[in-house]
Amino acid sequence: TISLTINSHACAAFPNETILSCARRHGLYIPTLCELEDIDHAPGTCRVCVVEIVQSGRAAAQIVTACNTPVREGMQVATRTKRVRNMQKLQVELLMADHLQDCATCVRHGDCELQDLAQFVGLTENRFFDRARTLAREVDDSSPALIRDMQRCVRCQRCVAVCRYHQKVDALVMSGTGVNRYVDLRDGYDQKNSTCVTCGQCVLVCPTGALGERDETERALDYICDPDLTTVVQFAPAVRVAFGEEFGMPAGTNVEGQIIAACRKIGVDVVLDTNFAADVVIMEEGTELLGRLKRGQRPTFTSCCPAWINFAEIHYPDILPLLSSTKSPQQVLSTMAKTYLPEKMGIAPEKVRVISIMPCTAKKDEAVRPQLVHDGLPETDVVLTTREFARLLRREGIDLKDLEPSTFDNPLMSEYSGAGAIFGTTGGVMEAAVRTIYAVVNGHELEQIDLTQLRGFEGARSATVDLGGQIGEVKVAMVHGLGDTRAIVEAVRAGEADFDFIEVMACPGGCVDGGGSLRSKRAYLPLAMARRKTIYDVDRTARVRQSHNNEQVKTLYRDFLEAPNSRKAHDLLHTHYTD
Ligand code: HC1
Ligand code: SF4
C-alpha cells in the first residue's frame, strides 16, 4: 500500500489508485461531475475535482484533477484550500456559461448534479452566461421517445461512454471543437434516424436535463380529465418495485397498492395490470415456440423488449425472422383494452384511451410503430416513463406515502401469476415460459418451479432445460444489456450458438433498471438488486405461479380469443418487424 495524507488525514491507497478513489474510500468528499465510477468513466473534462498537492521545498502547490491523478508515496493532498475552492467555483461558473438558466422549468429541477455542484461551490453569480450562444445549441426532438437538449449539456460524455462501451450501440460521438464542442449522433443524424435504439441508458447517466424522455404528462392529464373518455391505466411488472424510493420509501418496496390508489385518486377510470398481459404473452409465445421447436426452427428470440426490437431492426435485420411474432405485454394489454374490455364492459371502444406506465423510454417508440397503429388509432395512446408518472403525481399534489394501498377491482385483466410478475427482471420471461411449456408438453406441472439455473445476473447466461415429452432437452440463453446481446446475435449469425430460445432485455438487469426508471445521482443502476429481490418475492408468494393457471387468462381465451395462436389471437396479438 501507499501512504499519503488528504487534508492531514492519514490514508492508505492501492498502487495506481487515483486521489479521488482513495478519498472516497476514506469518506472524504471531492466534488465531481463528468466522472462516473460505476461505468469507469473519468475523462477529466469538467475539472471540478481539482485538489492541491503540497510539495515540500516548493513555493506553490501543484493543482491536479483528483479523478485521473494517481497517488504517490508521501503525497500531501489538500482539497479545501482557498485556492482550490476558488478554482472549483470558477469551473462551475464556466460550465454555466452556455447552460440554459431556466432551472425552474427543467425536468431535472431538484435532482440535478449541476445544481448540487453550484450549491457546493457557493455560486452566487453567473458572470459569463452567453444567452445567444446557449440558444444556438441544438435541441433534437425528432424522436418520439427521447429529447436531446444540448442547451443543458455539460459535455461530461457519460452518455457517449455508456452507449459506446456498455450498450455497444455507439450511436453518440463528440463533435466540434472548443466552446462549440457537443454530443452529436454519429454521422450527423438526428435521434429518429440514427442508429440509437432509444434504450435510455444514456438518460440514466446524464447529470443534468440534457437527455430525457419526451414528456407526455400533459397529454395523459388531458385524457384523464376528459369526462367523455374512459381512461385505462396499465403499469409494468417492474414499476411497482422501482417507484417507492421517489417518495422516500426504501428501494425495492412493493407499491403496487399505492399506485392503484394514486391512479384512482387522479381520476383514472380503469386500472389494469401489464402483468396480466405478460401471462397472455406466455400463452402466445409459448405456443409459438413449441410449434417452432417441433418444426426444428431454432433459435427463437423473445420480442417483448422494444429497444431490443429496435436494435434488431436497425443493426441486424437479417435475424428478424427469428424473433417471436407475439406483441409485447404493453401492446397485448392495450389491444385487449380496446376490444375485449369494451365488449365485456359495454363501453364504446373509440372512447377508450390507454395510458401505460413503463420503466422504459423505448416503449414510447413501440406505441407509435406503424404496425401497432390502426386507421390512425394507436393501441397504446400514451406511454409515461416511471419518471413522468412521478412528475404527474407531484403535479396532482399526491405523495405516495400518504396513500392507503388499494387493490385491483377489474375482473377481466388485473389478475396475474408469479410468472407474469418476474417478466420485470432478466431471465424472468424464460422462466415463465418454461413453466407453461412444460405443463403443455407433459400435461402436469413442473415440480421444481423456481428455475434458479435461469436466475443469474451475468450479462449472458445459458442453461439446458428438460421440457420432457416429445420435446426433451432444450438449450436456452438469457442476455441483458446490448453489449452481450450483440455478442450472442453475432454468434447466432455465425452459426456458433447452439440455442433453442433466447431471452433478450436491452437494459442491464432487465426492466427493473430500465431507461425510463427513476434516476440516481452519481450512480448507474445502484438499486437493481433490491428491486429484483422484491420481484422474486412477489412470485414466491403468489397464489398462482404459472401463466396458464391465471383464471382471468383462461376466461379471456374461453370467452374471446378461443385458443392460444387461434386466428383471432393471431390477428390481435401478433405483429411483424421491418428493416
Ligand atoms: Fe418490461 Fe414487459 S417486462 S418489457 O421489461 O415484457 O418496460 O417491467 O412492461 O411490455 O410485462 C418494461 C417491465 C414491461 C412489456 C411486461
Ligand atoms: Fe445509445 Fe441507448 Fe442512449 Fe440511444 S438511448 S444514444 S442507444 S444509450
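**Exercise 1. The surroundings of ligand 1**

Identify the polar contact between ligand 1 and the backbone of P237, and then describe the shell around this ligand.

*Solution.* Step 1. In this predicted model, a polar backbone atom of P237 lies 3.4 Å from an oxygen atom of ligand 1. The cut-off for a polar contact is a pair of N or O atoms within 3.5 Å.

Step 2. The backbone of P329 also takes part: one of its N or O atoms is 3.4 Å from an oxygen atom of the ligand. From the side chain of K363, a polar atom comes to 2.7 Å from an oxygen atom of ligand 1.

Step 3. Two elements each give two or more residues to the shell around ligand 1, namely α9 (274–294) and α11 (329–337).

Step 4. The shell comprises 16 residues, of which A236, A238, Q330, K363 and C511 are the closest. Sorted by class, 11 are nonpolar, four are polar and one is charged.

Step 5. As to its location, ligand 1 occupies the largest cavity.

**Exercise 2. The covering of helix α11**

Determine how many residues of α11 are buried.

*Solution.* Step 1. A residue counts as buried when its relative accessible area is under 20%.

Step 2. In α11 this applies to P329, Q330, Q331, V332, L333, S334, T335, M336 and A337.

Step 3. Nine of the nine residues of α11 are therefore buried under this cut-off, and the helix is mostly covered.

**Exercise 3. The shell around ligand 2**

List the residues that surround ligand 2 and sort the shell by class.

*Solution.* Step 1. The surrounding residues are L146, C163, V169, L172, C196, V197, T198, C199, G200 and C202.

Step 2. Eight residues of this shell are nonpolar and two are polar, while none is charged.

**Exercise 4. Salt bridges with buried partners**

For the salt bridges of D140, R240 and E388, name the partner and state whether the residues are buried or exposed.

*Solution.* Step 1. The whole structure contains 54 salt bridges.

Step 2. D140 pairs with R148, and their closest N and O atoms are 3.3 Å apart. Both D140 and R148 are buried.

Step 3. R240 pairs with D273, with 2.7 Å between the closest N and O atoms. R240 lies in the loop between β11 (230–235) and α8 (256–265), whereas D273 belongs to strand β12 (residues 270–273), so this salt bridge ties together parts that are 33 residues apart in sequence. R240 has a relative accessibility of 2% and therefore counts as buried. D273 is likewise buried, its relative accessible area being 0%.

Step 4. E388 meets K364 in a salt bridge with an N to O distance of 2.8 Å. Distant parts of the chain are linked here: E388 is in helix α14 (residues 386–395) and K364 in helix α13 (residues 362–367), 24 residues apart. E388 counts as buried because its relative accessibility is 0%. K364 counts as buried at 3%.

Step 5. Salt bridges may also share partners, and in this way E431, R435, D450, R455, D539 and R545 are joined into one network.

**Exercise 5. Backbone geometry**

Locate the cis peptide bond that leads to P299, and the residues E562 and N565 with positive phi.

*Solution.* Step 1. The peptide bond from R298 to P299 is cis, and its omega is near -5 degrees. P299 is placed in the loop between α9 and β13 (300–301).

Step 2. E562 is not a glycine, yet its phi is positive, at about 75 degrees. E562 lies in the loop between α19 (551–561) and α20 (567–573). With 58% relative accessibility, E562 counts as exposed.

Step 3. N565, also a residue other than glycine, has a positive phi near 65 degrees. N565 is found in the loop between α19 and α20. The relative accessible area of N565 is 27%, which makes it partly exposed.

**Exercise 6. The position of A460**

State the element in which A460 is found, its exposure, and its distance from G483.

*Solution.* Step 1. A460 is part of strand β18 (residues 460–466).

Step 2. Its relative accessibility of 41% places A460 among partly exposed residues.

Step 3. A460 and G483 are 23 residues apart along the chain, and their C-alpha atoms are separated by 9.8 Å.

Conventions:
Residues numbered from 1 in each chain as written. Chains lettered and ligands numbered in written order. Predicted model: local features only at pLDDT ≥ 70, side-chain atom pairs only at ≥ 80, totals over all residues. Heavy atoms only, no water. Near = heavy atom within 4 Å. Polar contact = N/O pair within 3.5 Å; in protein donor to acceptor, adjacent residues only side chain to side chain. 1 Å grid on protein atoms, 1.4 Å probe; cavity = no way out; pocket = protein on both sides within 12 Å on 5 of 7 lines; lining within 4 Å. Sits in = over half its atoms within 2 Å of the grid points. Helix = DSSP H or I, 4+ residues; strand = E, 2+ residues; numbered from the N terminus. Nonpolar A, V, L, I, M, F, W, Y, C, P; charged D, E, K, R; others polar. Salt bridge = Lys/Arg side-chain N within 4 Å of Asp/Glu carboxyl O. Buried < 20%, exposed > 50% of the residue type's maximum accessible area, 1.4 Å probe, protein only.
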